[in-house]
Amino acid sequence: MKPKIEICCGSAQDCQAAQRGGADRIELNSALALGGLTPTLANLIEAKKTVTLPIITMVRSRGAGFCTTDAEFEILFADAELLLKHGADGLAFGALNADHTLNAAQTRAMIELAHRYGREFVFHRAFDCAADFDTAISQLIDWKADRVLTSGGEDKAEHGIETLARLQRKYGGHIEILAGSGVNASNARLLLEQTGVHQLHSSCKDWLTDPTTVGHHVTYAFAPAPHELDYDVVSEQKVRELTAAVGVCG
């Protein structure tokens, strides 16, 4: 099976760079510095005009964790339906209870919404905060989720190889395993060969400078040194390097 590369994008321009670089699929977000939040409709609409790749849209309203209140979920569900109506090819969503079990009601409702529109559902890296991976993935399979994005419960996918390999062996025939976090051209081949997964998720991040980030006595910097004046974008060149590395494996 030919490996697939999904690029995590923060704008329509990022989507265009991902396509030029040879990616297979896009996950469109806003606020990547917070782990990715729901994108604006304008970015999705513009991306759909200029990009032919499937675009999965993040559905997440805030930073921090995944314990979503009923009030938050009501807005998220409305956002998700608007995204689907405007051409999103799938939803990336994850909800947990305070005890780190999957929130069944919210997750199932979002899966059913995506499938009602004939689109895909991806349980994102909230999975890596789940109390028990086997229970969580078995539930997602029962609920007919299409894919799960995971690093194997580690900070980087390269550190979660053993868990990723086990999940792929045990469950890969029932749900797609998408390995993500810290994926790049230098470790793509290792991840594919040692885990058996067929899909990788990467940000292929680069930096651009905005000189107005810091004023006389204020700063709006969010990135660590040496990128205090920078914001993140998708690098077409890094996408090209990653897809080339995957081509060697495939």
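Mentor: A residue counts as buried when its relative accessible area is under 20%, as exposed when that area is over 50%, and as partly exposed in between. Keep these cut-offs in mind as we read this structure, which is a predicted model.

Trainee: How many salt bridges are there?

Mentor: The general idea is that side chains of opposite charge can pair when their charged atoms come close. In this model the count comes to 11 salt bridges, and one of them joins Arg147 and Glu176, whose side chains meet with 2.8 Å from N to O. Because Arg147 lies in strand E6 (residues 147–150) and Glu176 in strand E7 (residues 176–180), this pair ties together parts that are 29 residues apart in sequence.

Trainee: Is Glu176 buried, exposed or partly exposed?

Mentor: Glu176 has a relative accessibility of 31%, so it counts as partly exposed, whereas its partner Arg147 is buried, with a relative accessible area of 1%. Salt bridges can also share partners, and in that way Arg20, Glu236 and Arg240 are joined into one network.

Trainee: Within that network, what is the N to O distance between the side chains of Arg20 and Glu236?

Mentor: For the salt bridge between Arg20 and Glu236 that distance is 2.8 Å. Arg20 belongs to helix H1 (residues 12–20) and Glu236 to helix H8, so the pair ties together parts that lie 216 residues apart in sequence. Arg20 is partly exposed at 46%, and Glu236, at 23% relative accessibility, counts as partly exposed too.

Trainee: Which residue forms a salt bridge with Asp89?

Mentor: The partner of Asp89 is Lys48, and their closest N and O atoms are 2.9 Å apart. Asp89 sits in the loop between H3 and strand E4 (90–93), while Lys48 is in helix H2 (residues 41–50), so this pair links parts 41 residues apart in sequence.

Trainee: Turning to the nonpolar side chains, how many residues has the largest nonpolar core?

Mentor: In soluble globular proteins, nonpolar side chains tend to be buried together. Here the largest nonpolar core has 64 residues, and those with the most contacts inside it include Ile7, Phe123 and Leu140. Helix H3 (residues 70–85) gives the most to this core, with 5 residues. Another core, of 6 residues, lies apart from it, and among its members are Ile56, Ala92, Val122 and Leu178.

Trainee: Which residues does Leu140 touch, not counting those up to four places away in sequence?

Mentor: Leu140 touches Leu102, Thr107, Phe123, Phe127, Ala145, Val148 and Ile175.

Trainee: And how should I read empty space, for instance how much of it lies in the largest pocket?

Mentor: Rolling a probe the size of a water molecule over the atoms shows where empty space is left. The largest pocket holds about 980 Å³ of space. It is lined by 41 residues, of which Cys8, Arg125, Ser181, Gly182 and Ser203 are the closest to its centre. Among the elements that give two or more residues to this lining are strand E8 (199–202) and helix H8 (236–249). By class, the lining of the largest pocket has 18 nonpolar, 12 polar and 11 charged residues.

Trainee: How many cavities of 30 Å³ or more does the structure hold?

Mentor: The structure holds 1 such cavity, and about 90 Å³ of space lies in the largest cavity. Its lining has 13 residues, with Arg60, Ser61, Gly65, Thr68 and Leu76 nearest its centre, and by class the lining of this cavity divides into 5 nonpolar, 5 polar and 3 charged residues.

Key: Residues are numbered from 1 along each chain as its sequence is written. This is a predicted model: local features need pLDDT of at least 70, side-chain atom pairs count only at pLDDT 80 or more; totals for chains, interfaces and linings use all residues. Side-chain values use heavy atoms; hydrogens and water are left out. A nonpolar core is a set of buried Ala, Val, Leu, Ile, Met, Phe, Trp, Tyr and Cys residues joined through side-chain atoms within 4.5 Å. Buried means under 20% relative accessible area, exposed over 50%, partly exposed in between (1.4 Å probe, protein chains only). Helices (H or I, at least four residues) and strands (E, at least two) are DSSP runs, numbered from the N terminus. Contact means heavy atoms within 4.5 Å. On a 1 Å grid over the protein atoms alone, a cavity is a set of points where a 1.4 Å probe fits but cannot get out, and a pocket is an open set with protein on both sides within 12 Å along at least five of seven lines; lining residues have an atom within 4 Å of a point. Grid points are joined across faces, edges and corners, and a volume is the space filled by probe spheres set on the points. Ala, Val, Leu, Ile, Met, Phe, Trp, Tyr, Cys and Pro count as nonpolar, Asp, Glu, Lys and Arg as charged, and the others, Gly among them, as polar. A salt bridge is a side-chain nitrogen of Lys or Arg within 4 Å of a carboxyl oxygen of Asp or Glu.
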